[in-house]
Amino acid sequence: MFLIFLRNYSQYGFLLNNKFHLYKKRIFAKKWIVILHHLKKFYMNRGGIFFLSLFFLVTNLQGQTSANEAKMQWFRDAKLGIFIHWGIYSVDGVDESWSFYNKKMPYADYMKQLNGFTAKNYDPEAWVELIKESGARYAVITTKHHDGIALWDTKLNNMSTAKLTPARKDVLTPFFQALRNAGLKAGAYFSILDWSHQDYPGFLKDSSRYEIKNDSARWKRYLAFYQAQIKELSVQFNPDLFWFDGDWEHNAGEWQAKKVREMILSRNPEAIINGRLAGYGDYETPEQNFPITRPSLNPWELCMTSNNNWGYHPDDTHYKTPYELITIFADVISNGGNLLFDIGPREDGWIPTEQVHLLKELGKWNRKHAEAVFNTGAGMPPGHYYGASTISKDSSTIYLFVPAHNQGKTVIKGLYNTIRSIKVLGTGQSLQHKIVGKISWSPVPGLVYIDEIPENAADEYMTVLEVKLDGPVKLYKGKGGLAGE
Ligand code: GLC
């Protein structure tokens, strides 16, 4: 019976995509805890050794899940991280790595950019100051992109900014140091695929070096190489977060993803790993595309560029406006995610003015609305409010995000609680509300109509209303039936 149950359970059809493997495992583990608890109760009445072993299994699984949740806490609270794509591609301002892979330029020309990477105006403290000013609590920097050029002084080959560029240095150490001095968490982006490495199979979009099945010794050499580089990163920087990329070219078994995860965690059990380690990560990473339905697999992080490119691209002027960035950010946190917002410095370390402007405007807005943004939880599910919201940790305050210069009243549907007060965050201005359509003999709550936000209290990007309740938020989810169903 047990086996049949297990089989049925695994047919639940959790997202079968490879990337979701680990979430599947984690959700599965959680469900197991519940199932095993029931079994525990059942066997407790009968005594028996079976109970004892089950007990240890339950305790162990619980331990693992809660340890994982504890390690994810800073990440859940952080909401905002800054992504930095810096590499030799910022010399000519071409697509990072993809420009040679997609044959937009010859590999040799791409590599000539090594001669132009100077880092001569690089000021890691100033970078960190800007990151901090934006309100971000962590940063993730490219330690090595798909082109194989390491930004630290790797001992495993000479493909680094320290060995092959006029910068002649490891540019990461001072950045990690500055982040830590500022109390920010430090993340390392690392491409597990390396199109420059002679032992790596992939090279250009229509040509590769070899196939793993024909030369497993060569693939093993590559495995040893890339894993040793990760070890270097672990030892040298002890990143709080490993942001892997490039797993799509091979499967988890080929990458030895489980082993890599264990290697990282054995050095630092607190390290967080993003979801691009062939399913062995801790959170999901949608890229550029905003998820329309709230991702069911928490936590998650949307990574997004400030224009349409990750690295320095002076010809790309399609920058998001501060209004767009802030409304996207509000939407992300309303859905329980983090935003990892990207900047692409030039080869000398200069950050494009538009990007500086975006981070500063976001920072100004974050400082004014910090209470509604950081250390909060996802907002009300769709249907209760037409817009983004968050809920305080104690669950007794709802924050409503209202796009700038919105005319008309703000409405909340299906709220059982009594509202204690409504304030425009950052201004102290109080707003009145009216309950509309509350039928005295029906348990279904009425509609909350909040007064218009006075023009002088409105934020230029997004106004936030702080709605204090009489207790933990309680929402009605029914169909409007008279008896409350
Ligand atoms: C992609 C691209 C890469 C970029 C990354 C950031 O997977 O390969 O160029 O660095 O996404 O998320």
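Here are two short exercises with worked solutions on this predicted model.

**Exercise 1. A sheet and its strands**

Task: Work out in which order the three strands of the open sheet lie, and which of them are edge strands.

Solution:
- Start with the order: the strands of this open sheet run S13-S16-S15, and their pairing is antiparallel.
- Next, look for strands that pair on one side only: these are S13 (410-412) and S15 (433-436), the edge strands.
- Now zoom in on one pairing. S13 joins S16 (residues 447-450) through three bridges, in the antiparallel sense.
- To find your place there, pick Val411, which stands opposite Tyr449 in S16.
- Finish with the twist: on average, neighbouring strands of this sheet are turned by 25 degrees against each other, direction ignored.

**Exercise 2. Two helices that meet**

Task: Decide how helix H11 (residues 216-237) and helix H13 (residues 257-267) are oriented to each other, then describe their contact.

Solution:
- Take the axes to begin with: those of H11 and H13 come within 10 Å and cross at roughly 20 degrees.
- Compare that angle with the cut-off: angles under 35 degrees count as roughly parallel, so H11 and H13 are roughly parallel to each other.
- Then add the handedness: H11 and H13 cross in a right-handed way.
- List the residues that make the contact: H11 brings Gln227, Ile230, Lys231 and Ser234, while H13 brings Val260, Met263, Ile264 and Arg267.
- Last, sort them by class: the contact of H11 with H13 holds four nonpolar, two polar and two charged residues.

Key:
Residues numbered from 1 in each chain as written. Predicted model: local features only at pLDDT ≥ 70, side-chain atom pairs only at ≥ 80, totals over all residues. Pairing = 2+ DSSP bridges. Helix = DSSP H or I, 4+ residues; strand = E, 2+ residues; numbered from the N terminus. Axes fitted to C-alpha atoms, helices over the stretch in contact; angles between N-to-C directions. Parallel < 35°, antiparallel > 145°, perpendicular 65-115°, else oblique. Left-handed = near helix turned anticlockwise from the far one by under 90°. Contact = placed C-beta atoms within 7 Å. Nonpolar A, V, L, I, M, F, W, Y, C, P; charged D, E, K, R; others polar.
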